[in-house]
Amino acid sequence: MTTPLSHIRNFSIVAHIDHGKSTLADRLIQSTHTVADRDMKNQLLDAMDIERERGITIKANTVRIDYVAQDGEHYVLNLIDTPGHVDFAYEVSRSMRAVEGSLLVVDATQGVEAQTLANVYTAIEADHEIVPVLNKIDLPAAEPERVAEQIEDVIGIDASDACLISAKTGVGIPDVLEAIVKRLPPPHSGDPDAPLKAMLVDSWYDSYLGVVVLIRVMDGVLKKGDNIRMMQTGAKYGVDKLGVFRPAMQDVKELGPGEIGFFTGSIKQVRDTRVGDTITHEKKGATTPLPGFKPSIPVVFCGLFPVDSAEFEDLRDAIEKLALNDASFSFEMETSAALGFGFRCGFLGLLHLEVIRDRIEREYDIDLITTAPSVVYHVYMKDGEMRELHNPADMPDPSKIDHIEEPRIKATILVPDEFLGDVLKLCQDRRGLQLDLTYAGSRAMAVYDLPLNEVVFDFYDRLKSVTKGYASFDYQMEGYREDNLVKMQVLVNDEPVDALSTMVHRDRAETRGRAMCEKLKDLIPRQMFKIPIQAAIGGKVIARETLSALRKDVTAKCYGGDATRKKKLLEKQKAGKKKMRQFGKVDIPQEAFISALKMDG
Amino acid sequence: MAEDWRAGGFGLYVHWPFCEAKCPYCDFNSHVVQGVDQDRWAAALAREVGRVAETTKGRVLGSIFFGGGTPSLMLPETVARVLDAARQSWIWANDIEITLEANPRSVEAGRFRAHAAAGVNRVSLGVQALRDADLKRLGRLHDVREARAALDVARDVFSRVSADLIYARQDQSLTDWEAELQAFLDLGLDHLSLYQLTLEPGTAFWDRAQAGGLRGLPEEDLAADLFELTQEMCDAAGYRAYEVSNHARDGAESRHNLVYWRYGDWAGIGPGAHGRLTQDGLRHATEAWSMPMRWLEAAEAGSGDRRLERLTARDMAGEYLMMGLRLTEGIEVARARGLCDAALPERDLEDLLDFGLIWQADGRIGTTPRGRLMLNRVVARLMPGD
Ligand SMILES: Nc1nc2c(ncn2[C@@H]2O[C@H](COP(=O)(O)OP(=O)(O)OP(=O)(O)O)[C@@H](O)[C@H]2O)c(=O)[nH]1
Ligand SMILES: C[S@@+](CC[C@H](N)C(=O)[O-])C[C@H]1O[C@@H](n2cnc3c(N)ncnc32)[C@H](O)[C@@H]1O
Ligand code: SF4
Ligand SMILES: [Mg+2]
């Protein structure tokens, strides 16, 4: 028995990071008795280790709730808790496509922040009804009236009947439930008798069930045992298990129009389940697919290599499984003289990169080396061809290059007045061009055109530190622009080390080069001869350090009684050499690369 | 074909594991014990000499070395009984070298004449420093005056006298060492062992350094400068460096220690002693029990050894390289490769020649002065890997 459309409400909970989405989800789950009190814990939906450790949501999560409203009717609510961090904006926009409305949570002590704005725009684009929810009113610093005004001024949506709540204490939750039923629309249309059309919202790998597929049914009814077809990929499967999340998996016999749930079906091929695809019945299926999603485009690339080269195949397996879990993560094989075999991976941002790396290390127990992150450059050749450069090591011969363009972003920064000067300076230093500067109360909103390359390194950290954490930041890709960009190589003993090549702006090359050479000088152990460490641009050395030769490594005393023990020590020394990477005659311990590539520098 | 050990000769090492006090830098098998029953020890050592001789019948013995510990604490009778046993076991070379390690104190100096009468013809005196403050820091029981007096007696009694010095000490500058070494050279002995202070695990110095103490030890550059200065001064005074830390007038090299470095065979007896013995054409490593009483009882029961191990081709080549490259004369390429063909990989040889760390001539290779300071690296490169 499927639920009538009029009694279904599908919505996402969106907000700036940490404004309380997951906590609100907790209260909605709890007050509707979806989960027994004894099984309840804070941010119940943030189930991954990294989510719990960092206290943030990374993956969107769906829960089905049964709610008997004040009108006495029984409603089915499907909520999607979304992540707040800018890197996961794609996850939010995708989730929004599966639902009809959004709860816009705003922390009443913080007000409108950069992702609040970004989320509202995405929600409007998805044709959502929006219910503003002012959270954390239990805190003395909460200013719900002022924040409501700000929502109206800055965002331009009516906040006069915003819900005032404390997701922590539970105040106002009944109002939120009523607002969901009364103010958010039911699914727009949906014909149970039409051919099946279900949207593939997400998929992930579960070690017990294999691939799990999250769907939203638009038309038709999907039943356990049905044979289905993915319209884009053409893959066909039988539905083994059909269910909903409460938030634990609960089997159902069928899913009808407007409903959200999952199925499994012994899916082996990772690439068969593409988010945004349309699922239909194998026989008498739909003929036109749903519009699908805008594909996500990875903007930051880096190499991931196993520290122990024997773990390469394990790494491949881990990456394939994670890619399934995360549609916005891309990868291809890469080899490096310094680091051996690995993968060049694309991410939506640095946090995304960190999360994936963390998950590989923990969930699959593989130690990784991460190379310096790089953005995608457009290299225009003299013959008119344009090449996408994902890895500085692949830079073509400079004499054949006409010019290079780099990706630019439009960054929106909201910051209290007192820190504005520092923020403007930071943007300036990062080659930013100011597009707009406006004020909303005591907060400034600065809009900058910035090179993505300057942002991926440590912009976010710098921004946090110069504003003591009071600034918020959001960005979107703006396209490409030409600039004076060069590939900086690092040479150790006159041999280029590919893993350390980076693209830099010509004006900053010397500074970067000097810093890298100094760092390497400290990291590479002294050898039997002196070693020049250089940074160079197309054969021209721009920075240089010399690692002096090791002078002394000799045992003062060695007689007949010492032979056995001393020989063991030398054997150890010899064996240690095997763990080194050889560059010409120089042995560099892998740790040196790992440290040189640490992103903190 | 002659057995490999013949290229290095055959010697006997006798370990005396007792000292009057434990020095804070020392990791030798030495113990401070009251009332050692020397009669019983003499019998056990002599018996061990006999046991080892059974497996090396008919060999010519080129040297005997009493090491420690402090073998100058052995009563002359004890020394004599061990020498008697050795005399009965092997044919002695005409010019056999019999060395006794001695601490330069008056007690011991008083026995030198009797030691000489027992057959000792060379002493090696642990002078360690010619500065009273440094001798104190090194935990030594003697002062400079006493050491000089002991040296005088030794030179009177023995035809050959060597002395040990430890340098690269705390707060020692180049000029400090230059003056001290000059004074040492001026003594006109025929052999000098000059060791840079080494922190060995398990010693009091090691623990102190781990805890952040023992400051003022030289950094690598100063240590290298000190070493180079030592080579220059010794050369200028006619004491050629024939090994990393050993300098001698021509012909005054320690013949016994050359057995180790030229990778000959040696019998090792006494607590903790190691030996290398070729039996039935195969080289073996022997090791005796370290704890004195444990050894004594084992020796009395038939054998003081706790281990007898056949050395592999890799072991032998590795040991030959490690020992032989300590010598200025270097090693024989064909001998090393004959022991194990994975020794001296051609590519590494070329690299090291390129770096100027080794020389190659007349079928031999050896370290250059710069290479000698980097000996551990050189050997690690050249020994057979696994
Ligand atoms: N005092 C108070 N704290 C709250 C309230 N709601 C949430 N918090 C706290 O705010 C922090 C962030 O809450 P989350 O629910 O994880 O926020 P989120 O929006 O899901 O965060 P992301 O998923 O990382 O974007 C937590 O420490 C919560 O305990 C509230 O109503 N009052
Ligand atoms: C077997 S030891 C002891 C001989 C005798 N008991 C003595 O102390 O003079 C021989 C020499 O090794 C040297 N030696 C011992 N430990 C050392 C260390 N940690 N660093 C450098 N040389 C050391 C000393 O010069 C010592 O004289
Ligand atoms: S250095 Fe010599 S005297 Fe000092 S404990 Fe060691 S063996 Fe004994
Ligand atoms: Mg959350």
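**Hairpin, open sheet and ligand shell in a predicted model**

Strands S21(A) and S22(A) form a hairpin with four residues between them. In the turn, Gly384(A) has a positive phi of about 95°. The model is a predicted one, and the angle is a value computed from it.

The two arms of this hairpin, S21 at residues 377-381 and S22 at residues 386-389 of chain A, pair in the antiparallel sense over four bridges. Within that pairing, Tyr377(A) stands opposite Leu389(A) in S22(A). S21(A) also pairs with strand S23 (residues 401-416) of chain A, again antiparallel and over four bridges. There Val379(A) stands opposite Ile404(A) in S23(A). S21(A) thus has S22(A) as one partner and S23(A) as another.

Chain A also holds an open sheet of eight strands, with antiparallel pairing. Read across, the order is S11-S10-S16-S7-S8-S15-S12-S13. Strand S11 (236-238) and strand S13 (249-251) of chain A stand at the edges; each has a single partner strand, so one side of each is left without a neighbour in the sheet. On average, neighbouring strands of the sheet are turned by 40° against each other, direction ignored.

One pairing inside this sheet can be followed residue by residue. Strand S10 (residues 227-230) and strand S16 (residues 278-281) of chain A run antiparallel and are joined by three bridges. Across this pair, Arg229(A) stands opposite Thr280(A) in S16(A).

A helix is placed against two other strands of the sheet. Helix H7 (residues 312-325) of chain A lies across strand S7 (197-206) and strand S8 (210-219) of chain A. The helix runs at about 145° to S7(A). In the strand order, S7 and S8 follow S16 and precede S15.

Chain B can be described by its totals. Chain B contains 16 helices and 15 strands. Of its 386 residues, 49% are buried. Among contacts in chain B with a separation of 6 or more, 71% are accounted for by residues 24 or more positions apart.

Chain B also supplies the residues around ligand 3. Three of the names in that shell are cysteines, Cys19(B), Cys23(B) and Cys26(B). The glycines are Gly68(B), Gly69(B) and Gly126(B). The shell is completed by Lys22(B), Phe28(B), Ser30(B), Thr70(B) and Asn103(B). By class, the residues of the shell divide into four nonpolar, six polar and one charged.

Key:
Residues numbered from 1 in each chain as written. Chains lettered and ligands numbered in written order. Predicted model: local features only at pLDDT ≥ 70, side-chain atom pairs only at ≥ 80, totals over all residues. Pairing = 2+ DSSP bridges. Axes fitted to C-alpha atoms, helices over the stretch in contact; angles between N-to-C directions. Contact = placed C-beta atoms within 7 Å. Buried ≥ 20, exposed ≤ 12 C-beta atoms within 10 Å, placed from the backbone. Near = placed C-beta within 6 Å. Nonpolar A, V, L, I, M, F, W, Y, C, P; charged D, E, K, R; others polar.
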